[in-house]
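Biologist: Please take me through this model one part at a time. I will ask short questions.

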Amino acid sequence: MFRRLAFALCLAGARAEAQQRPCDPPAPLGPSRDLYCIELVPAPGIRGASGTVELGHVAGPFTVAVTPEGFPRHRLILSAAGLPSPGTLGRFRTFVAWAAPPSMHPMRRLGTVHEGRNDLGVVDLEKFVVLVTAETGPQVREPSDRLVLRGQSPSTRLFPPDLLQFSIGRMGTTPSGGHEHHGAPQGEGDSLRWTTVPMPPGLTMLPAEMALRPEVQPFLPSGDAPAARPRELVRLQDGDTLRLEAGLVTRTLKGRSYTMFAFNGQYPGPLIEATRGSEVTVVFTNRLPHPTTVHWHGIRLDHRNDGIPGLSQPPVPPGGQFTYRLRFPDAGIYWYHPHVREDIQQELGLYGNLVIRPEAGESYGPVHREQVLMLDDILIGDDGMVPLGLESPTHALMGRFGNTMLVNGEPGYRLAVQRGEVVRFYLTNASNTRTFNLSLPGAMMKLVGSDVGPYAREEWTESVVIAPAERYVVHVRFDRSGPVHLLNRVRGLDHLYGRFFAETDTLGTVQVSAGSVAKPLRGFDLVRVDSAAAADMEAFRRRAAAAPEQALVLTLETRDLPRVTQRLMQLDSIYFSPMEWSGTMPMMNWAATGRQVRWILRDPATGKENMDVQWNFRRGEPVRIRLVNERQSFHAMQHPIHLHGQRFLVLAVNGVPTDRFVWKDTVLLPAGSAVDILLDPSNPGRWMLHCHIAEHLSAGMMMGFAVE
Ligand code: C2O
Ligand code: CU
């Protein structure tokens, strides 16, 4: 009680109101108004009328709603005030709202509009205009000429700007102002040089951008190493010991050989299977040229085994050893990875999955078989793999987007199934920064679980939005013979020309045979409710405070950026897309290092930032936390926020309550969004909260919290 009061008081300065919506009067800890709210402008002769259209979050299993093709989905909520009586404008009886692309075609009828709040349903338009017209009846097919209110989506601020051309024209090809760095720095004792990064097809870069280079030394491991082999399954019983070794391997990607990192020589690392409630020992040896640790992502284990350098253990030096004792209180899909320079070590292949099974029975409905898929992307140019930043990460702005998609460490995933087979896919996103929008066109997907266990209620979905470190468990039945492709379909943003474009990556193919499976499974069409999980979450939610007790603002600071970057990105900030699905500013992003970019978690109650923030929670007392992704920053983009050692529920996105509950350890925050989570501080110890974009983490975006 006392504690609650204390928190309420310290938040008083910048109060996180319960359920703040984008069109509400602006509040410091609310969602961005200028990204998620359209101000309507009255047409000539319409006096006193005003309105707004909220680009509302569409409640669903993900914090960002998109179509399988990657188009944004928003629920449009139009609030109108001071509307005249339609009859005063002519022979009209009602008002109707419309939406259309900026070309005004095709015109989509949204619904009638009256004074107050109007739910106009969900649209999946990218750039669009909203019109309100006076009409003779509600069922008209075309808008009349009597316009009453109109507005434009925030994304229409993007256009091929003359301003940009002007500012660029004067910049020439000198890479930076004041911080010229001619010639590439040499790696120690080798001939590694920065050359360039591959360009996404169809994008134009300015000469001044092309001349940018990161001001750190390029690093890639080298030397002879044994050939890596695919992952093996390790079943651990209670009391078992696993020897795990991080070391160098040789891997072949797209016909070229690279020295990379691996656990036990495998890509991904060994797939560990264990039973809920069991305890195992992992004796870890570091055979890398760098210090490292192993973090067991999502597992509510004893904090001394969490693998956080400086917090739970000293980093394991090259040649050193550390013994981890793991206990598994929750069934589900987890993963392990290093917690030192993830931008290098994870990128080079250090990651593996753990599947924790219940003692008896099954967590989910029946399937014919399982596939455990780790998704990743890797950046390969004409000269091979693009080197990493030795002293500090490159790609410190948006994170390192790869251009070659990997499933379990290989491009071109293949699976052969029989018609009618039901497959459970465990999906883990191990990439540095990419959020995938995965679909299997032609096959229905049923979402059954996420980070820390099953959904309270299963749900059909056409695509799975999975951010770095998140996990989703889906059941898929393949009903038609022939190939079914595993696709990532998103909308890229061409920043220079202000246009969106389609991007499709094929991650793999499922070949469905003509012959049907011998034993078809009944029940796949049913959506199951896990009543135990549902009751558990429901009881927990009832204990939640109405308003957030803690808040965190996500932002960044930059210094000494090259002039071209500084200039272009300031202009670009006219609009931030909720999601940056792909790396469409490759040169500027690549050349920005962790020395120039500092990503920040700021506690608005104290003004403290990153590791100076130290929250204290009492075990067993739920804490409602407001996470705010600050729009007014140099570059707002999405961040997957992860809390160690605990689990939480997502309660609301931009003021829209969630209705699909599942225990999570990572939540994706779109740019400018405000997300409320309800933390279950169940596991005592000292822990971390951080962004799981590897470059953001390496650029400081982390803080501490304790549970006592
Ligand atoms: Cu996968 Cu600190 O996390
Ligand atoms: Cu981030």
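Biologist: Is Val564 buried or exposed, and what is its relative accessible area?
Modeller: Val564 is found in helix H7 (residues 563-572), where helices (H or I, at least four residues) and strands (E, at least two) are DSSP runs numbered from the N terminus. This is a predicted model, in which local features need pLDDT of at least 70, side-chain atom pairs count only at pLDDT 80 or more, and totals for chains, interfaces and linings use all residues, while side-chain values use heavy atoms and leave out hydrogens and water. Residues are numbered from 1 along each chain as its sequence is written, chains are lettered from A and ligands numbered from 1 in the order in which they are written. Buried means under 20% relative accessible area, exposed over 50% and partly exposed in between (1.4 Å probe, protein chains only), so Val564 is buried, at 1%.

Biologist: How far is Val564 from Met588 in space, C-alpha to C-alpha?
Modeller: In sequence, Val564 and Met588 are 24 residues apart. Their C-alpha atoms are separated in space by 8.4 Å.

Biologist: Within what arc do the buried residues of H7 fall?
Modeller: Those buried residues are Val564, Thr565, Leu568, Met569 and Asp572. They line one face of the helix, because the arc, taken over the directions from the helix axis to the C-beta atoms, is within 110°.

Biologist: Which residues of H6 are buried?
Modeller: Helix H6 (residues 531-542) has 12 residues and reaches 16 Å from first to last C-alpha, close to the 16 Å expected at 1.5 Å a residue; the expected span is 1.5 Å times one less than the number of residues. The face turned away from the buried side carries the exposed residues Ser531, Ala532 and Arg542. What covers the buried side, by contact (heavy atoms within 4.5 Å), includes strands E30 (453-461), E40 (647-653) and E43 (674-680). The buried residues themselves are Ala533, Met537 and Phe540.

Biologist: Which residues are the protein donors of the copper ion (ligand 2)?
Modeller: Donors are N, O and S atoms within 2.8 Å of the metal (3.2 Å for Na, K and Ca), and sites may look incomplete, as water is not among the atoms. Here the donor residues are spaced H-x51-C-x4-H in sequence. His639 lies in strand E39 (residues 639-643) and His696 in helix H9 (residues 694-698), so this pair ties together parts 57 residues apart in sequence. Lying 2.0 to 2.1 Å from the ion, the donors are His639 (ND1), Cys691 (SG) and His696 (ND1).

Biologist: Which three residues supply 33% of the area that domain 1 buries against domain 2?
Modeller: The bounds, from an automatic or database domain assignment, are domain 1 (31-157) and domain 2 (537-707), with 31 Å between their centres over C-alpha atoms. The contact takes 17 residues from domain 1 and 22 from domain 2. Buried area is the accessible area (1.4 Å probe) that two parts lose on being put together, summed over both, and here it is about 1700 Å², 67% of it on carbon and sulfur atoms. On the domain 1 side, more than any other three residues, that share comes from Leu35, Tyr36 and Thr63.

Biologist: Which residues does Thr67 touch, not counting those up to four places away in sequence?
Modeller: Thr67 sits in the loop between strand E2 (50-56) and strand E3 (74-81). Its relative accessible area is 7%, so Thr67 is buried. With those sequence neighbours left out, Thr67 touches Arg73, Asp124, Asn437 and Ser463.
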